[in-house]
Amino acid sequence: MSIFNGAAVAIVTPFNADGSVNYEKLDNLIEYQIKNSTDAIVICGTTGEASTLSHEEHLDVVRHCIKTVNKRVPVIAGTGSNSTETAIYLSQEAEKAGADAVLLVTPYYNKATQGGLYVHFKDTADAINIPCILYNVPSRTGCNILPETAVKLAKDVENIVAIKEASGNISQIAKLAHLGAGVIDIYSGNDDQIVPIMSLGGIGVISVLSNVAPQQTHDICQACFDGDFKKAAQMQLDALPLIDSLFSEVNPIPVKKALNLMGFEAGPLRKPLTEMEEAHAKILEENMKAYGIY
């Protein structure tokens, strides 16, 4: 049974002016997502600025999200690390807190061979009992999970059940879908590839776009489930200018700007991320208006 089908939001972590976590605004964002048909919430992922949270903050945010959501939709905790020991610790704590699943990014900076990736993910998954989603995003980590490695992990490790594919390489994803049919669920990790990946058998997206357009992102997925790929493709294309703006600078710089424009008070970013450049912000605002969300 899949963890979720459809659009999961890779939710931002709102901060106060002093840089502390703003839990009141996080609650507002969670309620907005659930009200607007989001299918799952990924907390403390890349978009949640997990790399700048201390371990204590990270786990506090995960626990708070799980409590607020209260089983209304699945909560997936980002617990990946470039240290296997740290990934195990965060994953075990997320399981104790009641997370429905964990999202495990490939080791960054130190990277790993395919054999090292196998050991890293297997050891982490073996240390917990809840489902694991592998997260392949080589543009950020410098490390690529080959289809053969992902499928071997899914076959060998009972609770490795899915992968968030953000390589951008459709040929690689097609090979993964071929090799992993019936073995591993595939989620798009790129908002501009929801429909292409779902046409290859993917079952949804873990989305940045969903932060500002949860209903629309859910509806793109639903059109695919309904078999209306012509409608889904048009919805995908209609969203492209906004998606491009949301990635015109390093994520989550633009999406936090968008949420602030929408009045959600997501707050500042943690360094080394800085505020969006004025020229990019102007185009983002224009595309938000054109898409009807601002």
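**Exercise 1. Is Phe264 buried or exposed, and at what relative accessibility?**

Solution. Start with the ground rules. This is a predicted model: local features need pLDDT of at least 70, side-chain atom pairs count only at pLDDT 80 or more, and totals for chains, interfaces and linings use all residues. Residues are numbered from 1 along each chain as its sequence is written, and side-chain values use heavy atoms, without hydrogens and water.

Next, the cut-offs. Buried means under 20% relative accessible area, exposed over 50%, and partly exposed in between (1.4 Å probe, protein chains only). Phe264 has 16% relative accessibility, so Phe264 is buried.

**Exercise 2. Classify the aromatic pairs and place them in the chain.**

Solution. Step one is the rule. Rings of Phe, Tyr and Trp (its six-membered ring) pair if their centres lie within 6.5 Å; planes under 30 degrees apart count as stacked, over 60 as edge-to-face and the rest as tilted. The rule yields two aromatic pairs.

Step two takes Phe4 and Tyr187. Their ring centres are 4.2 Å apart and the planes differ by 5°, a stacked pair. Phe4 lies in the segment before β1 (6-10) and Tyr187 in strand β7 (residues 185-188), so this pair links distant parts of the chain, 183 residues apart. Helices (H or I, at least four residues) and strands (E, at least two) are DSSP runs, numbered from the N terminus. Phe4 is buried at 4% relative accessibility. Tyr187 is buried at 0%.

Step three takes Tyr32 and Phe264. The centres are 4.7 Å apart and the planes stand at 55°, so the pair is tilted. Tyr32 belongs to helix α1 (residues 23-35), and Phe264 to the loop between α11 (253-261) and α12 (278-291); the pair therefore ties together parts that are 232 residues apart in sequence.

**Exercise 3. Describe helix α10: its span, its bend and its cover.**

Solution. Begin with the span. Helix α10 (residues 229-246) has 18 residues and reaches 24 Å from its first C-alpha to its last. That is close to the expected 26 Å, taken as 1.5 Å times one less than the number of residues.

Now the bend, which is the angle between axes fitted to the seven residues ending at a residue and the seven starting there. Helix α10 bends by about 45° at Leu240. A proline, Pro241, follows within four residues.

Last, the cover. Buried residues of α10 include Ala232, Gln236, Ala239 and Leu242. Among the elements that cover the buried residues of α10 are α8 (194-199), α9 (214-225), α11 and α12.

**Exercise 4. Contrast the settings of Asn82 and Arg270.**

Solution. Find each residue. Asn82 is in the loop between β3 (75-78) and α3 (84-97). Arg270 is in the loop between α11 and α12.

Compare accessibility. Asn82 is partly exposed at 26% relative accessible area, whereas Arg270 is buried at 14%.

List contacts (heavy atoms within 4.5 Å), leaving aside neighbours within four places in sequence. Asn82 touches Pro107, Tyr108 and Asn110. Contacts of Arg270 include Phe15, Gly19, Glu49 and Glu57.

**Exercise 5. Summarise the whole chain.**

Solution. Count the elements: twelve helices and eight strands. Then check the radius of gyration, taken over C-alpha atoms; the globule rule is 2.2 Å times the number of residues to the power 0.38. With 294 residues, a compact globule would have a radius near 19 Å, and the 18 Å of the chain agrees. Finally, buried residues make up 53% of the 294 residues.

Terms used: Contact = heavy atoms within 4.5 Å.
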